[in-house]
Every structure is written in structure tokens, then in C-alpha cells.
Amino acid sequence: QVQLVESGGGLVQPGGSLRLSCAASGFTFKNYPMKWYRQGPGKERELVATITSAGGSSNYADSVKGRFTISRDDAKNTVYLQMDSLKPEDTAVYYCNAKQDILDAWGQGTLVIVSP
């Protein structure tokens with residue numbers, strides 16, 4: 001039973017920080033690249049960050065580069081997204097994703113609101 005469960009969202013002020021977590025089960029987590037997506041109000045879903053299966057390489061959207069950090073702990077089957085210097089434009093539902101070969105798994109999402 002493949003499952004991804006996000007947590008860590010909430011309401012923060014501009015300039016604040018949050019760390020999102022995504023706990024995975026039902027597949028060989030260490031073999032999969034992991035991604036974070038987000039979808040803000042009235043916007044299309046966008047790719048925020050990617051980390052390779054080996055954890056040695058990561059990519060970020062230009063809008064979050066320098067502020068967000070993706071990481072993984074294969075012993076815990078968990079991928080993280082550390083979000084610093086948050087802006088109102090970061091308000092969105094954040095989803096984690098595992099996609100490779102026949103697997104395309106999504107979590108339920110966690111809501112992040114950045115507002116004064």
C-alpha cells in the first residue's frame with residue numbers, strides 16, 4: 001500500500017520558517033527521486049524542489065532558490081522541505097511526489113499560509 005503523508009504546514013508571518021515532512025511507505029523509498037510541488041489559489045500546480053535517489057543532487061524553482069532546502073532521510077523514509085524567509089507568494093497547498101517507472105504517488109497535501 002503506497003502512501004505519502006505530508007505534515008508541518010500552518011500559518012506563519014512573512015519572513016518566518018516552516019519545515020514540511022513527507023513520510024513514505026509501501027515502496028523502496030531509497031530508490032526514488034522525491035519532489036515537492038505546490039498549488040496556490042488560482043494557480044497551476046508547480047514543481048518546487050527535487051532531490052535524487054542518492055540525495056547528492058537537488059533542484060529548485062527560481063522563485064524559492066536560496067530560501068528552500070530539500071533533504072531526505074532514507075532510514076526514516078522521509079523527505080523534508082525546509083522553508084525560510086517565507087513570502088506571501090509562498091501560500092499554497094504543498095504536495096510530495098514519488099514518480100518513477102509505473103509509480104506515481106501523491107500525498108494529501110499540507111496547507112501553508114504566509115500572512116501578516
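This passage describes the overall build of a predicted model of one protein chain and then turns to several of its residues.

The protein chain contains zero helices and eleven strands, and from the N terminus on its elements therefore follow the order β-β-β-β-β-β-β-β-β-β-β. A compact globule of 116 residues would be expected to have a radius of gyration near 13 Å, and the value of 13 Å found for the protein chain agrees with this expectation. Along its principal axes, the C-alpha trace spans about 40 × 25 × 25 Å. Of the 116 residues, 41% count as buried, while the area that the protein chain exposes amounts to about 6200 Å², of which carbon and sulfur atoms supply 46%. Among the contacts with a separation of 6 or more, 53% are accounted for by residues 24 or more positions apart.

A search of the whole structure finds one disulfide, and this disulfide is formed by cysteine 22 and cysteine 96, whose sulfur atoms are 1.9 Å apart. A disulfide is a covalent bond between the sulfur atoms of two cysteines. Because cysteine 22 lies in strand 3 and cysteine 96 in strand 9 (residues 92-100), the pair ties together parts that are 74 residues apart in sequence. The torsion about the S-S bond is about 50°, so the disulfide is right-handed, and both cysteine 22 and cysteine 96 are buried.

Strand 3 (residues 18-25) also holds serine 21. With a relative accessible area of 18%, serine 21 is buried, because the term applies to values under 20%. When its neighbours within four places in sequence are left aside, serine 21 is in contact with Val5, Glu6, Ser7, Trp36, Thr78, Val79 and Tyr80.

Threonine 52, by contrast, is placed in the loop between strand 5 (46-51) and strand 6 (58-60), and at 30% relative accessibility threonine 52 counts as partly exposed. If residues up to four places away in sequence are not counted, threonine 52 touches Pro33, Ser57 and Arg72. Threonine 52 and glycine 107 are 55 residues apart in sequence, and their C-alpha atoms are 18 Å apart in space.

On the surface, Leu11, Leu111 and Ile113 make a nonpolar patch of about 280 Å². One of these residues, leucine 111, lies in strand 11 (residues 110-114), and its relative accessibility of 45% means that leucine 111 counts as partly exposed.

Notes
Residues numbered from 1 in each chain as written. Predicted model: local features only at pLDDT ≥ 70, side-chain atom pairs only at ≥ 80, totals over all residues. Heavy atoms only, no water. Patch = residues over 30% accessible without salt bridge, like charges linked within 9 Å, V, L, I, M, F, W, Y side chains within 5 Å. Areas by Shrake-Rupley, 256 points an atom, 1.4 Å probe, with all protein chains shown as cover. Salt bridge = Lys/Arg side-chain N within 4 Å of Asp/Glu carboxyl O. Helix = DSSP H or I, 4+ residues; strand = E, 2+ residues; numbered from the N terminus. Buried < 20%, exposed > 50% of the residue type's maximum accessible area, 1.4 Å probe, protein only. Contact = heavy atoms within 4.5 Å. Disulfide = S-S within 2.5 Å. Rg over C-alpha atoms; globule rule 2.2 N^0.38 Å.
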